[in-house]
Amino acid sequence: MKINKNYLKLKESYLFSDIAKRVNAVKAAGVNDIIRLGIGDVTLPLPKVCTDAMVKASEEMAVKETFRGYGEEQGYAFLRDAIRDYYGRRGCKAESDEVFVSDGAKSDLGNILDIFDNDNKILVPDPVYPVYVDTNTMDGREIVYMKGSKENGFLPMPDESVDADIIYICSPNNPTGAVYTRDMLKDWVSYAKKKGALILFDAAYEAFITEDFPRSIYEIEGARECAIEFNSFSKKAGFTGTRCGYTIVPKELVYEGASLNKMWLRRQTTKFNGVSYIIQRGAAAALSPEGEAQCSANIAYYLENARIIGEALESIGINYYGGKNSPYIWLECPDGRKSWEYFDYLLNEKRIVGTPGAGFGQCGEGFFRLTAFGSREDVKEACKRLVD
């Protein structure tokens, strides 16, 4: 028996595990008033329309006539139709049989790699969501980085001199909060089609966009011929602990004579048993008119948190990105501090936990991520500590 030695190339500890160890060490010393603005986990309860739908679905499971066993691995038709209509309301095409329901975007972003050859060259942004890098490292693929910086607003653009087979784009971006314009995404679609490459578009934070930015790659002409989109109910509807997401694989995606839609369907029906009927009813409710209103109210709450944090940073002269169409605030560490140095300063002196930018790649060094997912009281108290 031989192991997959690519796993030995991974860092021994995951970013948030490192953070937890440092926080636990401080708590062990008797510090109990730590405010956590690090991990992007929601804090508001689920929209009531979602919980009502899940209660009703749960009760259906107790009645013989409405009991359900195994469902379709790609998701129940009622949810796939609701997602289709959700995209349709924004002028995007997404057929029901192109929608695949899952337990979250993170899972699909890793699992989608099953249908691609390990010889593909991967292009990822830096700073980057660690899952993009780690899952490809596990398969031994070559990874090329495109640098995000202050100069390009942490929105790297195509470089014609660089060849790539699979391109990761996240907008609004995690961790930087930066958002691509339509013209920028047009350039990426053009680049992908010219190179014969595929874009993996992470739209997990699209619901936070309030200004005139594209919320889906499919708002761009030609994107259905070169892009797969991943989305989630985690941030839109607060399903971080409830778990439901989806992936859209257009039927136009044909490479080497094979349909990626059919390949992904085959993969899912072989390796995935589907998401709980009860959870899918809750997700569908989030896309109803009442659900949209309740989800939007929660998102507005988090965006107001982001505004408060940004205002505090401005008052002490700290430069930052994001926060307007994103729940993330990407700040430049003051006084030339390194990312982990600033983490320790905030933890020990201000009793605030954030995420060191260096944990997201080399280009994240000297930057720091705060999230707007805390309670209003915690956010205000954290801002008071930052300013004092």
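A pocket here is an open set of grid points, on a 1 Å grid over the protein atoms alone, with protein on both sides within 12 Å along at least five of seven lines. With that in hand, here's a quick look at two pockets in this predicted model. The largest pocket comes in at about 700 Å³, and the second largest at about 490 Å³.

**The largest pocket**

- Its volume is about 700 Å³, and 25 residues line the space, with Lys11, Pro130, Val133, Asp134 and Gly359 the closest to the centre.
- Three elements each chip in at least two lining residues: helix H1 (15-28), helix H5 (130-139) and strand E4 (142-147).
- H5 supplies the largest share of this lining, at seven residues.
- Sorted by character, the lining of the largest pocket has 12 nonpolar, six polar and seven charged residues.

**The second largest pocket**

- This one has a volume of about 490 Å³; its lining is made of 24 residues, and those closest to the centre are Gly40, Lys106, Tyr129, Tyr205 and Lys235.
- Two helices, H4 (105-111) and H7 (233-236), are the elements that give two or more residues to the lining of the second largest pocket.
- H4 gives the most here, with three residues.
- The lining of the second largest pocket splits into 12 nonpolar, six polar and six charged residues.

Conventions:
Residues numbered from 1 in each chain as written. Predicted model: local features only at pLDDT ≥ 70, side-chain atom pairs only at ≥ 80, totals over all residues. Heavy atoms only, no water. 1 Å grid on protein atoms, 1.4 Å probe; cavity = no way out; pocket = protein on both sides within 12 Å on 5 of 7 lines; lining within 4 Å. Points joined across faces, edges and corners; volume = space filled by probe spheres on them. Helix = DSSP H or I, 4+ residues; strand = E, 2+ residues; numbered from the N terminus. Nonpolar A, V, L, I, M, F, W, Y, C, P; charged D, E, K, R; others polar.
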